[in-house]
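This briefing introduces one protein structure to a reader who has not seen it before. Please keep the sequence and the 3D view at hand while reading.

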Amino acid sequence: MTALLPPAIEQNLYKTHQQVFDKAGSSKHNIWQQVFYLIPFSDVAVTAPKIVVYADFLSYTNDKNHLILSYFIEKIPDNHLDTITKHKRADFLWQENCLECFIEYNEQDAYFESNVALDGRYNLYHFDDYRTPNSLPPRWADSSDIDIWLIKNSAIVDDFYAYHVCLDSHKTAIITKLNPTVILYQNKVPVFYANCHANPPDFHNKAYWQTPLNLG
């Protein structure tokens, strides 16, 4: 997809992304890196901020792989967003402003969903196949399969709110499809953001997920 931001702003956002996740003294291999420009979808007319997500998939010398995500949300009038103050597991976070990511490992039917509220509450869900099991709240993922290593926000960068999330997984778990998404509410109406949308929006539909480009 064509870049939506001036090169200087893109560089500053990516620099912030890298600085947050820098681990001094840790040996790492960057498996892939990708940028996602999220497109809004809403049933009503809205003023939608630009949203860009930087994603890197790293393998460290320990026994974990890390998916590191930076969500940058444009600061526009009336979208005064929260600050990370909490870190606890909670359900139904998609009913408010929420940073999400859907992850397929090793070309399996199963997949995981991460939810992070803008105040730092989070959850991780595990599906065996498309929306299976079909229960609410969804089944919690086991921390031995996938876990959240870090959730934080940094100062506004070039008029973008910055939120950062790191997910770790087994050394043998290689991401084969990815779908970072966001839900923002305007006047209690959800606006859905994804790199590519089904109609109606369906973040779980793997046909609209992206296959990361392996760096080798």
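Is R89 buried, partly exposed or exposed? R89 counts as partly exposed, because its relative accessibility is 26%, and partly exposed covers the range between under 20% and over 50%. The model is predicted. The points below start with the whole protein and then turn to its cores, its loops and single residues.

**Overall form**

- The protein contains one helix and 10 strands.
- In sequence order, the pattern is α-β-β-β-β-β-β-β-β-β-β, with the helix ahead of the strands.
- The radius of gyration is 16 Å, which agrees with a compact globule, because a globule of 216 residues would have a value near 17 Å.
- Measured out along the principal axes, the C-alpha trace would fill a span of about 45 × 40 × 35 Å.
- Among contacts between residues at least 6 apart in sequence, 67% join residues at least 24 apart.

**Surface and charge**

- Of the 216 residues, 50% are buried.
- The exposed area of the protein is about 10,400 Å², and carbon and sulfur atoms supply 49% of that area.
- The protein has 17 positive and 25 negative charges, and the mean positions of these two groups lie 4 Å apart.

**Nonpolar cores**

- In soluble globular proteins, nonpolar side chains tend to be buried together.
- The largest nonpolar core here has 38 residues.
- Within that core, the residues that touch the most other members are L67, Y71, I103, Y163, L167 and L178.
- Beyond its neighbours within four places in sequence, L67 is in contact with W32, A55, D56, F57, C101, I103, V165, C166, L167, I175 and L178.
- A second core, separate from this one, has 10 residues, and L5, L13, Y37 and A162 are among them.

**F36, a residue in a strand**

- F36 lies in strand 1.
- F36 is buried, because its relative accessible area is 1% and the cut-off for buried is under 20%.
- Leaving out neighbours within four places in sequence, the contacts of F36 are I51, V52, V53, A55, L178, P180, N195 and Q210.
- K15 is 21 residues from F36 in sequence, and their C-alpha atoms are 16 Å apart in space.

**T47 and R89, two residues in loops**

- T47 is in the loop that runs between strand 1 (28–41) and strand 2 (51–60).
- T47 counts as exposed, because its relative accessibility is 57% and the cut-off for exposed is over 50%.
- Apart from neighbours within four places in sequence, T47 is in contact with I76 and Q186.
- T47 and K75 are separated by 28 residues in sequence and by 11 Å from C-alpha to C-alpha.
- R89 is in the loop between strand 3 (64–74) and strand 4 (98–105).
- With neighbours within four places in sequence set aside, R89 is in contact with Y122, N123, L124, W140 and A141.
- R89 and P190 are 101 residues apart along the chain, with 22 Å between their C-alpha atoms.

**Backbone features**

- Most residues other than glycine have a negative phi, and most peptide bonds are trans.
- T132 and P133 are joined by a cis peptide bond, with omega about 0°.
- L136 and P137 are also joined by a cis peptide bond, with omega about -5°.
- P133 is found in the loop between strand 6 (122–127) and strand 7 (146–157), and P137 lies in the loop between strand 6 and strand 7 as well.
- R131, which is not a glycine, has a positive phi of about 50°.
- R131 too lies in the loop between strand 6 and strand 7, and it counts as partly exposed because its relative accessibility is 33%.
- K188 has a positive phi, near 70°, and is a residue other than glycine.
- The place of K188 is the loop between strand 9 (175–186) and strand 10 (189–194).
- K188 is exposed, because its relative accessible area is 78%.

Key: Residues numbered from 1 in each chain as written. Predicted model: local features only at pLDDT ≥ 70, side-chain atom pairs only at ≥ 80, totals over all residues. Heavy atoms only, no water. Core = buried A, V, L, I, M, F, W, Y, C linked by side-chain atoms within 4.5 Å. Buried < 20%, exposed > 50% of the residue type's maximum accessible area, 1.4 Å probe, protein only. Contact = heavy atoms within 4.5 Å. Helix = DSSP H or I, 4+ residues; strand = E, 2+ residues; numbered from the N terminus. Rg over C-alpha atoms; globule rule 2.2 N^0.38 Å. Areas by Shrake-Rupley, 256 points an atom, 1.4 Å probe, with all protein chains shown as cover. Lys, Arg positive; Asp, Glu negative; His and termini not counted. Charge placed at Lys NZ, Arg CZ, Asp CG, Glu CD.
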